[in-house]
Amino acid sequence: DNTVTIAVQVNGKLRGTFDTARGSSKESLLDQARVVENVAKHLEGKELVKEIVVPDKLVGFVIR
């Protein structure tokens, strides 16, 4: 099984998940996380403070 489910958080709250290939690059994970519908809704019009990537587990966004 070469796929993993990545959790996407905005300000520490789970806002979505997506499936991707195991070992995907940081840039790829960030790009895929941004297009998750619920995540995109929460990021829209906000100032991005920090991006956190834990490979094969989690992508987090800190917004203001």
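The questions and answers below cover a sheet and three of the residues around it.

This is a predicted model: local features need pLDDT of at least 70, side-chain atom pairs count only at pLDDT 80 or more, and totals for chains, interfaces and linings use all residues. Residues are numbered from 1 along each chain as its sequence is written, and side-chain values use heavy atoms, with hydrogens and water left out.

Reader: In what order do the 4 strands of the open sheet run?
Author: Strands here are DSSP runs of E, at least two residues, and helices are runs of H or I, at least four, numbered from the N terminus. Two strands pair if DSSP finds at least two bridges between them. The pairing in this sheet is mixed, and the order is 2-1-4-3.

Reader: Which strands are the edge strands?
Author: An edge strand of this sheet pairs on one side only. That applies to strand 2 (13–21) and strand 3 (48–54).

Reader: By how much are neighbouring strands of this sheet turned against each other on average?
Author: Axes are lines fitted to C-alpha atoms, for helices over the stretch in contact, and angles run from 0 to 180 degrees between N-to-C directions. For this sheet the average ignores direction. The value is 15°.

Reader: What are the bridge partners of Gln-9 in strand 2 and in strand 4?
Author: Strand 1 (residues 3–10) pairs with strand 2 in the antiparallel sense, over 8 bridges. Strand 1 runs parallel to strand 4 (residues 58–63), with 4 bridges. The partner of Gln-9 in strand 2 is Leu-14, and in strand 4 it is Gly-60.

Reader: Which residue in the turn between strand 3 and strand 4 has a positive phi?
Author: These two strands run antiparallel and are joined by 6 bridges. Lys-50 stands opposite Val-62 in strand 4. The hairpin has 3 residues between its strands, and the positive phi, about 65°, belongs to Asp-56.

Reader: And in the turn between strand 1 and strand 2, which residue has a positive phi?
Author: Ala-7 has Thr-17 as its bridge partner in strand 2. Strand 1 and strand 2 form a hairpin with 2 residues between them. The phi is about 55°, and the residue is Asn-11.

Reader: Is Thr-17 buried or exposed, or in between?
Author: Buried means under 20% relative accessible area, exposed over 50%, and partly exposed in between (1.4 Å probe, protein chains only). Thr-17 lies in strand 2. Contact means heavy atoms within 4.5 Å; leaving out residues up to four places away in sequence, Thr-17 touches Thr-5, Ile-6, Ala-7 and Val-36. Its relative accessibility is 45%, so Thr-17 counts as partly exposed.

Reader: Which side chains make polar contacts with the side chain of Thr-20?
Author: A polar contact is a pair of N or O atoms within 3.5 Å; within protein, one must be able to donate a hydrogen and the other to accept it, and residues adjacent in sequence count only if both atoms are side-chain atoms. Thr-20 lies in strand 2 and is buried, with a relative accessible area of 8%. One contact of 3.2 Å goes to Ser-24. Another of 3.2 Å goes to Gln-32.

Reader: Which backbone oxygen lies 2.7 Å from a polar atom of the side chain of Ser-24?
Author: Ser-24 sits in the loop between strand 2 and helix 1 (26–34). Its relative accessible area is 19%, so Ser-24 is buried. Beyond four places in sequence, Ser-24 touches Leu-29 and Asp-56. The oxygen in question is that of Ala-21.
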